[in-house]
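Here are some short exercises to work through with the structure on your screen. Try each task yourself before you read its solution.

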Amino acid sequence: MSTETASAAEQVAVPPPAGWEEARSRVYAVGLAAALPAVGRPLAETDGHTLAEPLTTRTDLPAFPTSSVDGWAVRGDGPWRVVGRVLAGGSPAPLTDDGTTVEIATGAMVPEGVTAILRVEESTRTADGRVAGTPRPTPEWREPGEEARAGEELLPAGTPVDPAVIGLAASCGHDTLRVRRPPRAALLVFGDELLTSGPPAAGRVRDALGPAVPAWLRRYGCQVRPADVVGPVADTLPAHVAALRAALATADLVCTTGGTMHGPVDHLHPTLEALGADYVVNTVAVRPGFPMLLARLVDPDGRVRFVAGLPGNPQSAIVAIVSLVAPLLAGLQGRPMPVLPHATLADAVPGRGDHTHLALVRLDRAAGTAHPVRHVGSAMLRGLAGADGFAVIRPGTTGEPGARVPVVPLPLLPGERSCP
């Protein structure tokens, strides 16, 4: 970079940072406004997608009375004369005569006229072949609509589709679902100082974000192919522009690492300017992670794509992911804004003045407490590897022991559910 260019970079006026909560709300709103289109998909192809409309049942669940045990469907008082058998999948004739019974299997339709079901293990046979025993007082069948009534909403739009949702949809009669596909994401790693193999040495450091960020993005529901991870990209403006333009051709979201400030080899801002992007958020008042950004590009055809600028320091980059990328992806998928759980601080956590402090913590879920961890410098990952999330210490405050604070949980694998 020339001296003239470097001087210009140094003189760039940096806007005041957005508040952390404001930034989260802003990026969620723009993501929701650009939510991915709804499409119909066969059930087997919907895992990892998001419901684009509420899931309702097409029939009562169960649709007809079904036996909950193997046994004998009886009418009247016993002993009962055996007049048939009912298996799952059949449509039985009514039981019309008192003193009669049909053998019935679990899940089979209960015939009309049945007054009780006698469990097979609680029955005996008389010398003349009749069935004897005492049915339990509680009916041994499932009533129609016991689980849900026809047309009832079972799950709202915005619910992530996992195997349990797929099974529920099948049970209530759906062959396809209206869903939003997972966003496609790419990663550009910036920095001539980065090594992609072996230990750090001779002034060069190992790239920790290239291997890790795609895994974080997948846990937020993104699709990231190996070919979508590019870098290190050369520290020149033409190389940055070319790499970002190529990534935006197929991705809904491109994450970049490093280059979010205005130093002599920080080319992200001029690259965004060259591509006609506009900032949604440009720096956030949060520590660690301050020099993060989110920009938006709109094609002439109206297609919207996003660029998330993650700081180069590894922990700061993860703070940017949970702060900006997570709410953006929730909006793009039509999911609700993530609601932060709360925990009680077990130990003191310092404040960061007029910035929000995201402090790594390990959670004791049984006790509902959050324990600060060590090794939490912005360039460190050791603390992150043993943490469950970030305690949120709001601006102008400190985290006192016993205080209830919000916690930003680290994401689980797609489809996993957190413990309460």
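A pocket here is an open set of grid points with protein on both sides within 12 Å along at least five of seven lines, and its lining residues have an atom within 4 Å of a point. Keep in mind that this is a predicted model.

**Exercise 1.** Describe the second largest pocket and its lining.

*Solution.* Start with the space inside, which comes to about 310 Å³. Next, look at the walls: 20 residues line this pocket, and F190, E193, L194, G258 and G312 are the ones nearest its centre. Then find the strands involved: β15 (185-190) and β17 (205-206) each give at least two residues to the lining. Finally, sort the lining by class to get eight nonpolar, seven polar and five charged residues.

**Exercise 2.** Work out how helix α4 (residues 209-219) is placed against helix α7 (residues 314-332).

*Solution.* First take the angle, about 20°, and the distance between the axes, 11 Å. Angles under 35 degrees count as roughly parallel, so α4 and α7 are roughly parallel to each other. Their crossing is right-handed. Now list who touches whom: L209, V213, W216 and L217 of α4 meet P314, A317, I318, I321 and V325 of α7. These contact residues comprise nine nonpolar, no polar and no charged.

**Exercise 3.** Do the same for helix α2 (residues 20-33) and α7.

*Solution.* The angle is about 30° and the axes lie 7 Å apart. Therefore α2 is roughly parallel to α7. This crossing is right-handed. Residues of α2 in the contact include W20, R24 and Y28, while those of α7 include V322, P327 and L332. Sorting the contact by class gives 12 nonpolar, three polar and one charged residues.

Notes. Residues numbered from 1 in each chain as written. Predicted model: local features only at pLDDT ≥ 70, side-chain atom pairs only at ≥ 80, totals over all residues. Heavy atoms only, no water. Axes fitted to C-alpha atoms, helices over the stretch in contact; angles between N-to-C directions. Helix = DSSP H or I, 4+ residues; strand = E, 2+ residues; numbered from the N terminus. Parallel < 35°, antiparallel > 145°, perpendicular 65-115°, else oblique. Left-handed = near helix turned anticlockwise from the far one by under 90°. Contact = heavy atoms within 4.5 Å. Nonpolar A, V, L, I, M, F, W, Y, C, P; charged D, E, K, R; others polar. 1 Å grid on protein atoms, 1.4 Å probe; cavity = no way out; pocket = protein on both sides within 12 Å on 5 of 7 lines; lining within 4 Å. Points joined across faces, edges and corners; volume = space filled by probe spheres on them.
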